[in-house]
Amino acid sequence: GWAGGYPEIVKENELFERYYRELGIVPAGEWDAFMAALREPLPATLRITGYRSHAKEILHCLKEKYFRELQDLEVDGQKVEMPQSLSWYPEELAWHTNLSRKILRKSPQLEKFHQFLVSETECGNISRQEAVSMIPPLLLNVSPHHKILDMCAAPGSKTAQLIEMLHADMDVPFPKGFVIANDVDNKRCYLLVHQAKRLNSPCIMVVNHDASSIPNLQIDVDGRKEILFYDRILCDVPCSGDGTMRKNIDVWKKWTTQNSLQLHGLQLRIATRGVEQLAEGGRMVYSTCSLNPVENEAVIASLLEKSQGALELADVSSELPGLKRMPGITKWKVMLKDGQWFEEWKDVPSNRQTQIRPTMFPVKDEEKLKAMNLERCLRILPHHQNTGGFFVAVLIKKSPMPWNKRQPKVHQKLPQRTGDTEVTATNSDNGSDCITEEPILAENEESKKMQGLQNSDTEQSKKEGVCGPPPSKKMKLFGFKEDPFVFLPEDDPLFLPIQKFYALDPSFPKMNLLTRTQEGKKRQLYMVSKELRNVLLNNSEKMKVINTGIKVWSRNSDGEQFGCAFRLAQEGIYTLYPFIHARIINVCIEDVKILLTQENPFLSKFSNETQKKVKDMAMGSVVLKYDPDPEKPDDLQCPIVLCGWQGKTSLRAFVPKNERLHYLRMMGVEVFKAKRKEEELENKTEEEVQHKLAQTEEGMDVEDKEHDLVTKMEAEIGEDSSQSPVESSAMEIENKIEDLDQSSKNATTHISKESKGVDTSNVKD
């Protein structure tokens, strides 16, 4: 059959069934249920971001409002199933629903729920993430002080979970830990940046390296250079993905054992590189969305064998109660894509020994095998809890790896040496013949001189606080050229007026401020944690950083006349707020509603208390703070901090559209109808812009048109004025006219730019 112009994929693969039946990965009597589950579409799952103080409010809003409205609802004659919380995910913060995207989009009854999901996802308050994908970060047991490496991080849903765990305590703006999220694919790194940006954390850095040879990083510890070892490593390796058949139906057609055989070597190299960088006592989670033991238990067994006791599998049977899991398997065979089976390495003919490697087979020595405790691995089967298929192993490092018996030390004489030897080591096939790092005692005078010059260059750039790529032609091999990261010098005159204007606390870590430009006007100021600053300053020559830091201040074109050239940025306000002692206006819930529903409201619209506070305050950027009143339980019960601007006669909030809608929802304001009305108005405004442009060209008077537009909008708003504050705002009519003027100006500017042949599409801010 054909559906939508494409042939329907037949969900059958004889080789797949033969392979997994033979391996016995599914308990006896459950095979039919397993196959039936694989043929069913995957339920949609969502996760409420856990570190925000708003998480409980969003959960309350979901359960009491949106889920309640789905009760007894029928779509196309079928009763809509109520979303269910994932029993094993803490605090009811993850939910799954059988509502397909198609139904969500097409059904008018569900449009409000769909709009809620889309808007909250863009704000970063909800993540659409597959259920099994949530397991690895939970098993890492992250604390806010942990240094974490996510080795193959894109697209970033697990990275987002890790960032949330760092910020478990919202009162600490700078946790001591951080996440370094890496991906080999340059383009996917930008997807990773987009995911991480939604969480507004100063503790995340996105880098672009091959995970199997990710360089050793150095940090400064009390004036000494030491190698950075991570407390937690997430090693979610590239895999054949046959556990994702419910979502990626292409796998049915393309599945063959060849994929697993080709990936095994890379997976083992990445996992080996991970454990090398793990601190003693640290925890590494290895995971795949594959069911194949060649990609799973074979990699873990090989890693445990060559670690010679340095690693052990953690028993996590008591963690995540409610999660149905199968133990890891200890016996398996290897099959070629032509269906030929091999039970041992010695059976493999020489002409097949490039495809099949000895590390793909189970360990034959029974004692060794027993000591490995492979049954401690977790296998998630699709039919047990209506999920995808998944594999997880939790490794703990008890001592240095045998080929690194002396933990690598950084010698000031040879700072470059460490990275070089380490990369060479990890590229060897099985890791056991890796080079042990030892200081080189003899050096000729020439190399000493060269090393001295290199050191002085590095030290100079560090003094200037510049962390850019090295001036090497090799860097051109990587994707886009990134702007450098330049830390603000201690005596930078830029900072003094900012400090004075916002009365920043003496404890404010100004050393952590950075910009992305070395020359010219600094337009944006970003902030990182002290620990990430240490990493950036000591590794600029060996690390390709794609992004780090959150925006805290933006240059305002005419801000200097108000005493400060920089206004606050909403994305960094929760990090900055604890340090700000001036320009704070405490507002009540009604004031917040006015700020979020009206574009530029007059001061007279606010409460008397707010008007009094604003009266003696100079114009410029302000902080608008709402504190919940415990005596009014029906009001919003989580604090809100907004960036705003105080004008001569008005007060406005600088908050992105989706964030505005989020706060309004939390306050119980019906934003869905308002959003629909807004879209209709926008469409009408666009039509009016076209008319206006045409009339302007003909020299006609536009005032009549504006009058007509106002009359139309008043009529529309009057039709249903009881719906929400957004619709009944007289200011909105004025703003639409201003928007109309602005749109036509923009359109005219755009036309003039096009006519000049100026390409403005790639201009970077």
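Ser157, Lys158, Thr159, Ala160, Gln161, Leu162, Ile163, Glu164, Met165 and Leu166 are the buried residues of helix α7 in this predicted model, where buried stands for under 20% relative accessible area, exposed for over 50% and partly exposed for anything in between (1.4 Å probe, protein chains only). That is 10 of the 10 residues in α7 (residues 157-166), so the helix is largely enclosed by the rest of the structure. Helices here are DSSP runs of H or I with at least four residues, strands are runs of E with at least two, and both are numbered from the N terminus. Leading up to α7, the loop from β9 (147-150) holds Pro155, and the peptide bond joining Ala154 and Pro155 is cis, with omega at about 5°.

A word on the ground rules. Residues are counted from 1 along each chain as its sequence is written, and side-chain values rest on heavy atoms, with hydrogens and water left out. Because the model is predicted, local features need pLDDT of at least 70 and side-chain atom pairs count only at pLDDT 80 or more, while totals for chains, interfaces and linings use all residues.

Taken as a whole, the protein chain has 24 helices and 32 strands. Of its 765 residues, 53% are buried. Contacts (heavy atoms within 4.5 Å) reach far along the sequence: among those between residues at least 6 apart, 75% join residues at least 24 apart. The chain exposes about 36,300 Å², and carbon and sulfur atoms supply 50% of that; the areas come from the Shrake-Rupley method with a 1.4 Å probe, and for residues only the protein chains shown count as cover.

Helix α19 (residues 589-597) is another mostly covered one, with 7 of its 9 residues buried. These are Ile589, Asp591, Val592, Ile594, Leu595, Leu596 and Thr597. Their cover includes helices α20 (608-615) and α21 (657-666), along with strands β30 (620-626), β31 (640-646) and β32 (651-653).

Those three strands also turn up in an open sheet of 4 strands, ordered β29-β30-β31-β32 with mixed pairing; strands pair if DSSP finds at least two bridges between them. The edges go to β29 (584-586) and β32, each with a single partner strand, so one side of each has no neighbour in the sheet. From one strand to the next, the twist averages 35°. Axes are lines fitted to C-alpha atoms, for helices over the stretch in contact, and angles run from 0 to 180 degrees between N-to-C directions. Strands β31 and β32 run antiparallel and are joined by 3 bridges, with Gly644 partnered by Ala653 of β32. Helix α20 packs on this sheet, touching β29, β31 and β32, and its direction makes about 165° with that of β29.

A second open sheet, also of 4 strands, follows the order β6-β7-β3-β8 with antiparallel pairing. Here β6 (84-85) and β8 (126-128) sit at the edges with a single partner strand each, so each has one side without a neighbour in the sheet. Strand β6 pairs with β7 (residues 94-97) in the antiparallel sense over 2 bridges, and Gln84 has His96 of β7 as its bridge partner. In the loop between β6 and β7 lies Glu91, which has a positive phi of about 60° although it is not a glycine. Glu91 counts as exposed, at 61% relative accessibility. Helix α5 lies across β3 (44-48) and β8, running at about 105° to β8.

Helix α5 also takes part in an aromatic pair. The whole structure holds 20 such pairs, counted when rings of Phe, Tyr and Trp (its six-membered ring) have centres within 6.5 Å; planes under 30 degrees apart are called stacked, over 60 edge-to-face and the rest tilted. Phe67 and Phe113 make an edge-to-face pair, 6.0 Å centre to centre with 70° between the planes. Phe67 belongs to helix α3 (residues 55-70) and Phe113 to α5 (residues 111-123), so the pair ties together parts that are 46 residues apart in sequence. Phe67 is buried, with a relative accessible area of 3%, and Phe113 is buried, also with 3%.

Elsewhere, ring pairs link Phe174, Phe495, Phe501, Tyr502, Phe508, Trp553 and Phe579 into a cluster. Charges sit over rings too (NZ of Lys or CZ of Arg within 6 Å of the ring centre and within 35 degrees of the ring normal). The charged end of Arg516 is over the ring of Phe485, 3.8 Å from its centre, and Arg533 lies over the face of Phe487, at 5.0 Å from the ring centre.
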